[in-house]
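Let's take a walk through a protein model together, one piece at a time. Have the sequence and the 3D view ready, and follow along at your own pace.

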Amino acid sequence: IPYDEGDVFKIENERIGTRYVQFIGRERMNDLICVFKANSSQKEFGLGEIEKLEVDFMIHTHTGSGKFYYKWEKIGNAPTINIDDVYFWKKSIAPKVFPELKDHQYQIWKHNQTVEFIDDLKKVSGKLVKGDVVDASWLMMFLQDHTVYERYEKDETIMGIENPYIYATGL
């Protein structure tokens, strides 16, 4: 991996202004990043200020694609945010393949921990964050229109596409 935990990237785009993301770490063959709420075209933030910013959302993506296609600029490294109370989730295909696993509706996990299967997300005590992987183009779309991200997080169909990962990879 060419990135270290805590690396901070600046994303500049005329539609979104300036946004900052932090590489939290590698997980399940993908990158986990934190996107900060700061959207400022008026001033630059120093690394000490970035780590104090409010988190907008966390998402699994491919940092290399963002750096290559969208010119994300690495600006330094800062302590990673605490995500001890965060559970990532995604729908499980197990019940579709094996009807006897009807109680395996969702996969949940904490960063770099074992996946568990559950039947109801309401049983989780902690912050729930959707754990599907999206490519950098979807992430840029989320930054341009937060309602698209909100629909993704609620597991709604976006532009006729149920799962951005499957759409992007052609699976």
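Before we set off, one term: a strand here is a DSSP run of type E with at least two residues, and strands are numbered from the N terminus. Keep in mind, too, that this is a predicted model.

With that term in hand, find lysine 10, which sits in strand E1. Is lysine 10 buried or exposed? Residues count as buried when their relative accessible area is under 20%. Lysine 10 has a relative accessibility of 11%, so it belongs to the buried group. The strand around it is mostly covered as well, with five of the seven residues of E1 buried.

Now look at the neighbours of this strand. E1 and strand E2, which spans residues 17-27, run antiparallel and are joined by six bridges. Together E1 and E2 make a hairpin, with three residues between them. Our lysine 10 takes part here: its bridge partner in E2 is tyrosine 20. You can also compare sequence and space by picking lysine 10 and valine 21, which are 11 residues apart along the chain while their C-alpha atoms are 6.6 Å apart. E1 has another partner in E5, again antiparallel, and four bridges join these two strands. One place to spot this pairing is aspartate 7, whose bridge partner in E5 is asparagine 77.

Next, let's turn to the aromatic rings. A pair of aromatic rings is described by the distance of the centres and the angle of the planes. The model has six aromatic pairs in total. One of them is formed by tyrosine 3 and phenylalanine 9, an edge-to-face pair with 5.4 Å from centre to centre and 80° between the planes. Tyrosine 3 is buried, because its relative accessibility is 10%, and phenylalanine 9 is buried too, with a relative accessible area of 1%. Phenylalanine 9 also pairs with tryptophan 72: the ring centres are 6.4 Å apart and the planes meet at 55°, so this pair is called tilted. Phenylalanine 9 belongs to strand E1 (residues 7-13), whereas tryptophan 72 is in the loop between helix H2 (63-70) and strand E5 (73-77), so the pair ties together parts that lie 63 residues apart in sequence. Tryptophan 72 is buried, with a relative accessible area of 2%. Which residues make up the aromatic cluster? Tyr3, Phe9, Phe23 and Trp72 form one cluster.

From here, move along to another sheet. Four strands build this open sheet in the order E8-E7-E6-E9, and their pairing is mixed. Its edge strands, each pairing on one side only, are E8 (116-118) and E9 (127-130). From one strand to the next, the twist averages 35°. Within the sheet, strand E7 (residues 106-109) pairs with E8 in the antiparallel sense over three bridges. To see this pairing up close, find tyrosine 106, which stands opposite isoleucine 118 in E8.

Our last stop is on the surface. Isoleucine 93 is in the loop between strand E6 (86-91) and helix H3 (94-97). Why does isoleucine 93 count as exposed? The cut-off for exposed is over 50%, and isoleucine 93 counts as exposed because its relative accessibility is 60%. Ile93 joins Val97 and Phe98 in a nonpolar surface patch, and together they have about 300 Å² of accessible area.

Technical notes
Residues numbered from 1 in each chain as written. Predicted model: local features only at pLDDT ≥ 70, side-chain atom pairs only at ≥ 80, totals over all residues. Heavy atoms only, no water. Pairing = 2+ DSSP bridges. Axes fitted to C-alpha atoms, helices over the stretch in contact; angles between N-to-C directions. Patch = residues over 30% accessible without salt bridge, like charges linked within 9 Å, V, L, I, M, F, W, Y side chains within 5 Å. Areas by Shrake-Rupley, 256 points an atom, 1.4 Å probe, with all protein chains shown as cover. Salt bridge = Lys/Arg side-chain N within 4 Å of Asp/Glu carboxyl O. Buried < 20%, exposed > 50% of the residue type's maximum accessible area, 1.4 Å probe, protein only. Phe/Tyr/Trp six-rings, centres within 6.5 Å; stacked < 30°, edge-to-face > 60°.
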